[in-house]
Amino acid sequence: MNKTDLANLRRDYSGKELSKASVDPDPFAQFSTWIDEALHSEIIDANAMTLATVDADCRPSARIVLLKGFDERGFVFFTNYQSRKARDLTSNPNAALSFLWPQIHRQVMIYGVAEKTSREESENYFKTRPFDSKIGAWASRQSSVIESRSILEDKFADLRSQYTNDAPLPPFWGGFRVVPNRFEFWQGRASRLHDRISYRLVGESWIIERLSP
């Protein structure tokens with residue numbers, strides 16, 4: 001494929017109308033409705049989200065992580081606390097999340113401040129992971145340089161023999177919760193006249209606004 005091919009890629013959008021009158025006044029309830037519809041549409045990895053962070057030198061980075069829970073407190077994912085994303089959030093807790101559900105012509109963007117989940121919350125989630133995933137968390141020094149895959153596999157095998165049936169939560173592993181202060185719900189519409197509805201937190205109230213596409 002050349003650059004001309006990319007420039008000519010097109011698709012039509014024909015989503016439902018999204019308006020200030022039709023959205024829920026609570027952005028968490030609106031998100032719950034949309035992710036339920038994404039899940040019912042059998043979208044693969046509907047809980048996958050882009051997490052954008054900025055390091056101590058103001059250099060941005062982004063990666064895909066999985067949403068593992070949300071409520072009125074915020075949006076939760078889990079990771080190694082020694083990873084690059086965790087180091088970024090420790091030095092600068094501002095973060096952005098982005099969900100893309102192309103099959104239903106929708107995006108959700110969430111902006112806020114990240115905080116670590118409690119140890120109890122991290123342990124409760126870790127207990128639900130498959131055994132090999134628990135061992136993988138112990139084996140990987142996430143984001144660090146390794147000389148070969150065999151080093152990782154050998155460490156995994158050693159730890160799997162050590163723990164045999166179960167493994168505890170590593171001290172360097174746990175969750176982050178992104179506490180939102182802004183949401184944007186994007187609905188694809190015909191002629192690129194997309195609907196964009198924004199929620200801004202002012203004090204304890206959410207201000208709902210329409211944005212130009």
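Let's start at Arg 106. Its side chain makes a polar contact with the side chain of Gln 187, at 2.8 Å. Keep in mind that this is a predicted model. A second polar contact, of 2.5 Å, links the Arg 106 side chain to that of Glu 37.

Where does Arg 106 sit? In strand β6, which covers residues 106–116.

Is Arg 106 buried or exposed? Its relative accessibility is 7%. The cut-off for buried is under 20%, so Arg 106 counts as buried.

Which residues does Arg 106 touch, leaving out those up to four places away in sequence? Three tryptophans are on the list: Trp 34, Trp 101 and Trp 186. Phe 99 and Leu 100 are there too, along with Lys 16. Glu 37 and Gln 187, the two polar partners, complete the set.

Now the hairpin. Strand β1 runs over residues 48–54, and it pairs with β2 in the antiparallel sense. Seven bridges hold that pairing in the count. Take one of them: Thr 53 has Ser 61 in β2 as its bridge partner. Five residues lie between the two strands. One residue in that turn, Cys 58, has a positive phi of about 65 degrees.

Stay with β2, residues 60–66. In a regular strand, side chains alternate between the two faces of the sheet. Which residues of β2 are on the covered face? Ser 61, Arg 63 and Val 65. The uncovered face carries Pro 60, Ala 62, Ile 64 and Leu 66. Look at Ser 61 again: it is on the covered face, and it is the bridge partner of Thr 53.

Next, a helix. α6 spans residues 149–163, so count 15 residues. From first C-alpha to last, α6 reaches 21 Å. That is close to the 21 Å expected at 1.5 Å a residue. Just after α6 comes Thr 164, with a positive phi of about 55 degrees.

Last, the whole protein. There are six helices and nine strands. The C-alpha trace spans about 60 × 50 × 40 Å along its principal axes. Of the 213 residues, 38% count as buried, and Arg 106 is one residue that counts as buried.

Now contacts between residues at least 6 apart in sequence. Of these, 65% join residues at least 24 apart.

And the surface? The accessible area comes to about 12400 Å². Carbon and sulfur atoms account for 50% of that.

Key: Residues numbered from 1 in each chain as written. Predicted model: local features only at pLDDT ≥ 70, side-chain atom pairs only at ≥ 80, totals over all residues. Heavy atoms only, no water. Helix = DSSP H or I, 4+ residues; strand = E, 2+ residues; numbered from the N terminus. Expected span 1.5 Å × (residues − 1). Buried < 20%, exposed > 50% of the residue type's maximum accessible area, 1.4 Å probe, protein only. Pairing = 2+ DSSP bridges. Polar contact = N/O pair within 3.5 Å; in protein donor to acceptor, adjacent residues only side chain to side chain. Contact = heavy atoms within 4.5 Å. Areas by Shrake-Rupley, 256 points an atom, 1.4 Å probe, with all protein chains shown as cover.
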